[in-house]
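Here are my notes on this one, point by point. Have the model open while you read.

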Amino acid sequence: MLFRQFVDDDLGCASYLIGDEAAGEAVVVDPAYAIEPYLEEAEHSGVRIVRVLETHTHADHVSGHGRLALEHGVPVSIHPLGEPEYPFEPVEDGQELGVGSVAIRVLHTPGHRPEHCCYLVDGRLLTGDSLLVGDAARPDLAVDVREGAEGLYESLQRLAGLPPETAVYPGHVAGSLCATGISADRSSTISAELMTNRALAFPSEEEFVAAHATISAPRPPTVERVVALNRGHFLGAPSPLEELDSYDGQVLDVRSPLEFAAGHVQGALNVPVAGSSLGTKAGFLLDAERPVAIHAASREDTETAATRLRAVGLLELAGYLLHPKADERLEPIGIDELEALLADGGAELIDVREKNERDEGYIPESRHIPYRLVGEFADELQNGRTVVTICESGARAGVAASVLAAHGVPARPLLEGGIPDLQKRGHALTSFRRCGSA
């Protein structure tokens, strides 16, 4: 049996190629929009992709089922509750699909979305966005959160009742916004999850629903757009990008924070391609209805960034810039200078991490504004004090500073260090426990 797992580290999404090498047939489960890796693996293994199986209509990434259908004539299967607008072959609970001699059993597991299904094949359970390693998917992206949580609880109980040796292969690993406690492990077993998964530890449905009815993870603004793309008519291959000399519109600078600081296009936002979660961060910051040009250090970086942007539904790419006029500057701050400013009360310290991170410990005199929201506070931050952005390690501080700079606030990011480094230098942190938290 052919079984290959593919992981998009930028989004934390997993997809699978499963088949019978002797029969020369395979299926792709939850394909990404960039379908080339599946085609390459299929050719290498001597199989032909004969079907796409979707666990559900994805909300966090654009599916490649349209490209496989349009470019290679591959049929697409999904549960009818997904209400797809494209031609599809429905799957139902208990149905068994054959790929050569390999049998794939369908388990309808609503909760994350009403149409959600898992696929059981040869002792391996492909869980999509239901049971994950260490946690379960969030239930608030498609239906009322309580309704979703009730469905998810029942589905998890069903999966937990499978043989303990059943291998668990999730649709998401660490880095995804589909849950907060996902492990970086790419597989597990039912027995291991029964011992360690916090979503399986609740003694009753009532307690599970109560805990999951207060989702605090940010909801990406691209959700509705991505769902519409994945539910709608088949989406074909992207157009090739062309190099531009200049661009009067949205510019996403994917170079390093230091390169951005040394000179960038006026109004550009900086989300480095070498960092994590470019697609997610860009999805929060860019206007999906307007074209965007990519400023990169190389053509290779351009293509990588474009793939990550398209993955979250940012498809209107105007082209790329390699050597534009870039005379705007940003002045990073060092930790010694920051300490001096804090001692004199001359810094407006902006903690740009997420709420759950800040609750673990923050600098008392800092102000909390997540990186994705700082632009909304630009006017009130122009108060004469030096605005300094800070996070855990410097990555999001640079992103936030670029957003503020685009709004006319000359923010100074702490790029080489973060909250833990200030703590090591003797700055006491304040922790915060929210009402009802464990």
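1. A term to settle before anything else: "buried" here means under 20% relative accessible area. Keep in mind, too, that this is a predicted model.

2. With that cut-off, have a look at strand E2, residues 13-20. Eight of its eight residues are buried, so the strand is largely enclosed by the rest of the structure. Both faces are covered. On one side you have Cys 13, Ser 15, Leu 17 and Gly 19, and on the other Ala 14, Tyr 16, Ile 18 and Asp 20, all of them buried. Cys 13 comes in at 7% relative accessibility, which is why it counts as buried.

3. What does E2 pair with? One partner is strand E1 (residues 2-8), antiparallel to E2 over seven bridges. If you want a spot to check the register, try Gln 5, whose bridge partner in E2 is Tyr 16. E1 and E2 make a hairpin with four residues between them. In that turn, Gly 12 has a positive phi of about 75°.

4. Strand E3 (residues 25-29) is another partner of E2, again running antiparallel, with five bridges joining the two. For the register here, go to Gly 19: its bridge partner in E3 is Ala 26. E2 and E3 also form a hairpin, with four residues between the strands. Gly 24 is the residue to click on in this hairpin, as it takes a positive phi near 75°.

5. Now for another part of the model. There is an open sheet of six strands, in the order E7-E8-E9-E10-E11-E12, and its pairing is mixed. Its edge strands are E7 (96-99) and E12 (188-189), each of which pairs on one side only.

6. Inside that sheet, E10 (residues 124-128) and E11 (residues 167-170) are a parallel pair, held over four bridges. Leu 125 is a handy landmark, since its bridge partner in E11 is Val 168.

7. Last, the cysteines. How many disulfides does a search of the whole structure find? Zero. Cys 117 is a good case to look at: the closest cysteine sulfur to its own belongs to Cys 118 and sits 7.7 Å away, too far for a bond. The cut-off for a disulfide is a pair of cysteine sulfur atoms within 2.5 Å. Is Cys 117 buried or exposed? With a relative accessible area of 0%, Cys 117 is buried.

Methods
Residues are numbered from 1 along each chain as its sequence is written. This is a predicted model: local features need pLDDT of at least 70, side-chain atom pairs count only at pLDDT 80 or more; totals for chains, interfaces and linings use all residues. Side-chain values use heavy atoms; hydrogens and water are left out. Buried means under 20% relative accessible area, exposed over 50%, partly exposed in between (1.4 Å probe, protein chains only). Two strands pair if DSSP finds at least two bridges between them.
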